Amino acid sequence: MELYWNKTIETMPREQIRELQLTKLRATVENVYTNVPYYREKMQEKGLLPGDVKTLDNLKDLPVIVKQDLRDTYPFGLFAAPMQDIVRIHASSGTTGKQTVVGYTKRDIDVWAECMARCFVMSGADKDSRIQVGYGYGLFTGGLGAHYGAEKLGAVTIPASSGNTRRQITMLKDFGVTHLCCTPSYSLYIAETMAEMGIKRDELKLKSGLFGAEPWSDAMKQEIESRLGLRAHDIYGLSEIMGPSVSQDCHCQKGLHIWEDCFIAEITHPDSGEPLGEGEMGELVITTINKEGFPLIRYKTKDICSLTYKQCDCGRSHVRMSKPAGRTDDMLIIRGVNVFPSQIESVLLNMGEVEPHYQIVVERVNNLDTMTVEIEISESMLSDNVKGIENAEQKLSKQIDSILGINAKIKLVEPKSIPRSEGKAKRIIDNRKI
Ligand code: DLL
């Protein structure tokens, strides 16, 4: 089994990565200045010319781009290549507002498949693997993104898309699938349906899973690994930047390698935009330096993580981001304390008395935000009496208070009563009328 898909690039010494990044950054800035009036105006407002980018440090002088910029230029206003060179469109609906549209040239699709193939190899796949893509196909980047990477690798690619869970499981078993791609929440739904069908994990040949598109805790990872009998990898990406495979963890599983020949990563303070140092948690800001159709300079992802430039034991030199804790949009502020759903998930699952299916209901009562976590009771607790269940609820609530410092009401609910998801799970139900 090969350790790398592209050893020269993946293990390139840092000094060389930085040189490569500077060359590509300058070319990208020149490209958007020449071909995208919106960027030209933004740079002119700051009195900047492409030639002002002399070192990588100059990146922080360039204007940032936020989701609203994509909406303001809807649909094609930020495309840098002529429409006759665009071969694919993807879009993300988002939860609010107009959808955002991204475009790819033939070369962009090739680069994306290359990044994805690197991720597959990091998860132990090779051309003899059988890869089932359970991410949705369509405007969402998950399905087609993983698909092209799996084909580039030369693996048997099974375009299952999401949903149709029983058939999905039959294919996993009958086709001897070795690698599964889907959201972490969907992988649990698959495991649960397998149990209903009487299929044991040992009847499958699964080795690893490439799970992403939503935040998930380490505790959730352990649940998935034990239920499906595989190693769970964390794959990150976003449609604005490319789709899945912006980064992923290697077999060391100590952070997600960002492909730095394609992206420059910065961490900034989510509010002030001030640059933060290595190891500090903040908002991930990404610049694409290997894209033609839809290059983005300093895109504020809203995802919270930190970076480390330390050499990884796998031999890859590319920077690692910590597991994304969540999006700034999804951060809850409960009586002044900031908390992400994934932190609550982690505390509850580590207690081991509940199932990994939950929803957080937020309400405003007398001008104060209150939170109720509805989580499914484990089969073993089902026979407990009311008192036993109340005690368990109190215990879980105390644990959340002592670890996260927030006051959350816990409501244990019946197995299978929380809606299952075939894509991104909806964790928060916000009933606040703000
Ligand atoms: O979710 C792309 C993708 C598909 C990534 C399949 C991985 C696997 P969007 O729909 O544009 O694209 O959503 C992007 O999802 O900004 C994060 O908030 C979140 N996200 C993606 N991957 C992870 C992850 C795809 N591994 C948004 N952990 C991003 C946590 C993730 N959050």
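1. Helices in this note are DSSP runs of H or I with at least four residues, strands are runs of E with at least two, and both are numbered from the N terminus. The loop between strand 4 (156–158) and helix 7 is described in these terms, and Ser 161 lies in it. The structure discussed here is a predicted model, and the points below should be read with that in mind.

2. The backbone at Ser 161 deserves a first comment. Most residues other than glycine have a negative phi. Ser 161, which is not a glycine, has a positive phi near 60 degrees. Is Ser 161 buried or exposed? Its relative accessible area is 17%, and buried means under 20%, so Ser 161 counts as buried.

3. Asn 367 is likewise not a glycine, and its phi is positive, at about 65 degrees. This residue is placed in the loop between strand 18 and strand 19 (368–377). Asn 367 is exposed, because its relative accessible area of 70% is over the 50% cut-off.

4. A further backbone feature concerns a peptide bond. Most peptide bonds are trans. The bond that joins Tyr 74 and Pro 75, however, is cis, with omega at about -5 degrees. Pro 75 belongs to the loop between helix 4 and strand 1.

5. Met 83 is also located in the loop between helix 4 (67–72) and strand 1 (86–92). With a relative accessibility of 40%, Met 83 is classed as partly exposed. Which residues form a nonpolar patch on the surface with Met 83? They are Phe 76, Ile 89 and Leu 139, and the four residues together have about 340 Å² of accessible area.

6. The surroundings of the ligand come next. There are 20 residues around the ligand, and those that come nearest are Asp 234, Ile 235, Ser 239, Asp 303 and Lys 424. By class, this shell consists of nine nonpolar, five polar and six charged residues. Helix 6 (141–153) and strand 7 (231–238) each contribute at least two residues to the shell. Which element gives the most to the shell? Strand 7 does, with five residues.

7. Several side chains place polar atoms beside oxygen atoms of the ligand. For Asp 303, a polar side-chain atom lies 2.6 Å from a ligand oxygen. For Arg 327, an N or O atom of the side chain is 2.9 Å from an oxygen atom of the ligand. For Lys 424, the corresponding distance between a side-chain N or O atom and a ligand oxygen is 2.8 Å. As to cover, the ligand on its own has 610 Å² of accessible area, of which the protein covers 94%.

8. How many salt bridges does the model contain? The count comes to 29. One of them pairs Arg 14 with Glu 260, whose closest N and O atoms are 2.9 Å apart. The pair links distant parts of the chain, 246 residues apart: Arg 14 is in helix 2 (residues 14–35), whereas Glu 260 is in the loop between strand 9 (256–258) and strand 10 (263–268). The two partners fall into separate exposure classes: Arg 14 is partly exposed, at 22% relative accessible area, while Glu 260 is buried, at 3%.

9. Arg 227 and Glu 355 form another salt bridge, with 3.3 Å between the closest N and O atoms. Here too distant parts of the chain are linked: Arg 227 sits in helix 9 (residues 218–228) and Glu 355 in strand 18 (residues 354–365), 128 residues apart. Arg 227 has a relative accessible area of 28% and is therefore partly exposed.

10. Glu 266 forms a salt bridge with Arg 298, and the closest N and O atoms are 2.9 Å apart. Glu 266 belongs to strand 10 and Arg 298 to the loop between strand 11 (282–288) and strand 12 (299–305), so the pair ties together parts that are 32 residues apart in sequence. Glu 266 is buried, with a relative accessible area of 12%, and Arg 298 is buried as well, at 5%. Elsewhere, salt bridges that share partners join Lys 302, Asp 303, Arg 327 and Asp 329 into one network. Asp 303 and Arg 327 have already been mentioned for their distances to ligand oxygen atoms.

11. The final point concerns Thr 165, which is placed in helix 7 (residues 165–174). Thr 165 counts as buried because its relative accessibility is 8%. The side chain of Thr 165 makes a polar contact of 2.8 Å with the side chain of Tyr 186.

How values were computed: Residues are numbered from 1 along each chain as its sequence is written. This is a predicted model: local features need pLDDT of at least 70, side-chain atom pairs count only at pLDDT 80 or more; totals for chains, interfaces and linings use all residues. Side-chain values use heavy atoms; hydrogens and water are left out. A residue is near a molecule or strand if one of its heavy atoms lies within 4 Å of it. A polar contact is a pair of N or O atoms within 3.5 Å; within protein, one must be able to donate a hydrogen and the other to accept it, and residues adjacent in sequence count only if both atoms are side-chain atoms. Accessible areas come from the Shrake-Rupley method with a 1.4 Å probe; for residues, only the protein chains shown count as cover. Ala, Val, Leu, Ile, Met, Phe, Trp, Tyr, Cys and Pro count as nonpolar, Asp, Glu, Lys and Arg as charged, and the others, Gly among them, as polar. Patches are made of residues with over 30% relative accessible area and no salt bridge: like charges are joined within 9 Å, nonpolar side chains (Val, Leu, Ile, Met, Phe, Trp, Tyr) within 5 Å. A salt bridge is a side-chain nitrogen of Lys or Arg within 4 Å of a carboxyl oxygen of Asp or Glu. Buried means under 20% relative accessible area, exposed over 50%, partly exposed in between (1.4 Å probe, protein chains only).
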